[in-house]
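Here's a set of exercises to work through with the model open beside you. Try each task on the structure before you read its solution.

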Amino acid sequence: MKYVLFICTPVGGEELSPGEIADDPRFTAYIEEVRRRDLVKGGARLRPYTDATTVRVRGDEVLLSDGPFIESKEYVAGIDIIEVADLDEAIALASRHPAALAGGSVEVRPVWE
């Protein structure tokens, strides 16, 4: 079954560059495991929430606002699309993600297929 892992980072928390992630043993161990097990089927690291633009349509008017669609203590910093046996395996994988271990969170959501 496919799941999306929404990797959430605390607002104002440490924002690692791609280079810093590549040098961080927490991330390299996690990335090596999911690649070795061929669990990740897609995904992306997102630019900071300050670069977001939210689009809303009200009638014929397109409304744009800077920033994420909601104010919160966390923001989505990236997504992983994984394929695992079941929700238990998805949760086990999410619980080992460095973002979850460093004070952020990982939302696990099934994909409609």
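## A residue in a loop

**Exercise 1.** Work out whether Asp38 is buried, partly exposed or exposed, and find where it sits.

*Solution.* Asp38 has a relative accessible area of 48%, so it counts as partly exposed. The cut-offs are under 20% for buried and over 50% for exposed, with partly exposed in between (1.4 Å probe, protein chains only). Next, place it: Asp38 lies in the loop between helix 2 and strand 2 (40-45). Now check the backbone: Asp38 isn't a glycine, yet its phi is positive, at about 55 degrees.

A word on the ground rules: this is a predicted model, where local features need pLDDT of at least 70, side-chain atom pairs count only at pLDDT 80 or more, and totals for chains, interfaces and linings use all residues. Residues are numbered from 1 along each chain as its sequence is written, and side-chain values use heavy atoms, with hydrogens and water left out.

## The overall layout

**Exercise 2.** Write down the order of the elements along the chain, then describe how strand 1 pairs.

*Solution.* Start with the tally: four helices and six strands. (Helices are DSSP runs of H or I with at least four residues, strands are runs of E with at least two, and both are numbered from the N terminus.) From the N terminus, the order reads β-α-α-β-β-β-β-α-α-β.

Then go to strand 1 (residues 2-10). Strands pair if DSSP finds at least two bridges between them. Strand 1 runs antiparallel to strand 5 (residues 74-83), with nine bridges; Pro10, for instance, has Glu74 as its bridge partner in strand 5. Strand 1 also pairs with strand 6 (residues 105-110), again antiparallel, over six bridges. There, Tyr3 is matched with Pro110.

Finally, look at Thr9 in strand 1. Thr9 is buried because its relative accessible area is just 13%. Beyond neighbours within four places in sequence, Thr9 contacts Glu14, Lys73, Glu74, Tyr75 and Ala77 (contact means heavy atoms within 4.5 Å).

## The core

**Exercise 3.** Which residues of the largest nonpolar core touch the most other members, and which elements give two or more residues to this core?

*Solution.* First, the rule: a nonpolar core is a set of buried Ala, Val, Leu, Ile, Met, Phe, Trp, Tyr and Cys residues joined through side-chain atoms within 4.5 Å. The largest one has 13 residues, and Leu5, Ile82, Val84 and Leu93 touch the most other members. Strand 1, helix 2 (25-36) and helix 3 (87-95) each give two or more residues to this core. Now zoom in on Leu93: leaving out residues up to four places away in sequence, Leu93 touches Leu5, Tyr30, Val34, Leu39 and Ile82. For the chain as a whole, 27% of the 113 residues count as buried.

## Salt bridges

**Exercise 4.** Trace the salt bridges of Arg37, starting from Glu33.

*Solution.* A salt bridge here is a side-chain nitrogen of Lys or Arg within 4 Å of a carboxyl oxygen of Asp or Glu; by this rule there are seven. Begin with Glu33, which bridges to Arg37 with the closest N and O atoms 2.8 Å apart. Glu33 is buried at 15% relative accessible area, while Arg37 is partly exposed at 33%. Step on: Arg37 also bridges to Glu89, again at 2.8 Å. Arg37 lies in the loop between helix 2 and strand 2 and Glu89 in helix 3, so this pair ties together parts 52 residues apart in sequence. Through shared partners, Glu33, Arg37, Glu89 and Arg96 form one network.

## On the surface

**Exercise 5.** Find the nonpolar surface patch made by Val55, Val57, Val62 and Leu64, and say which elements give two or more residues to it.

*Solution.* Patches take residues with over 30% relative accessible area and no salt bridge, joining like charges within 9 Å and nonpolar side chains (Val, Leu, Ile, Met, Phe, Trp, Tyr) within 5 Å. This patch covers about 400 Å², with areas from the Shrake-Rupley method, a 1.4 Å probe and, for residues, only the protein chains shown as cover. Strand 3 (53-58) and strand 4 (61-66) each give two or more residues. Val62, in strand 4, counts as exposed because its relative accessibility is 53%.
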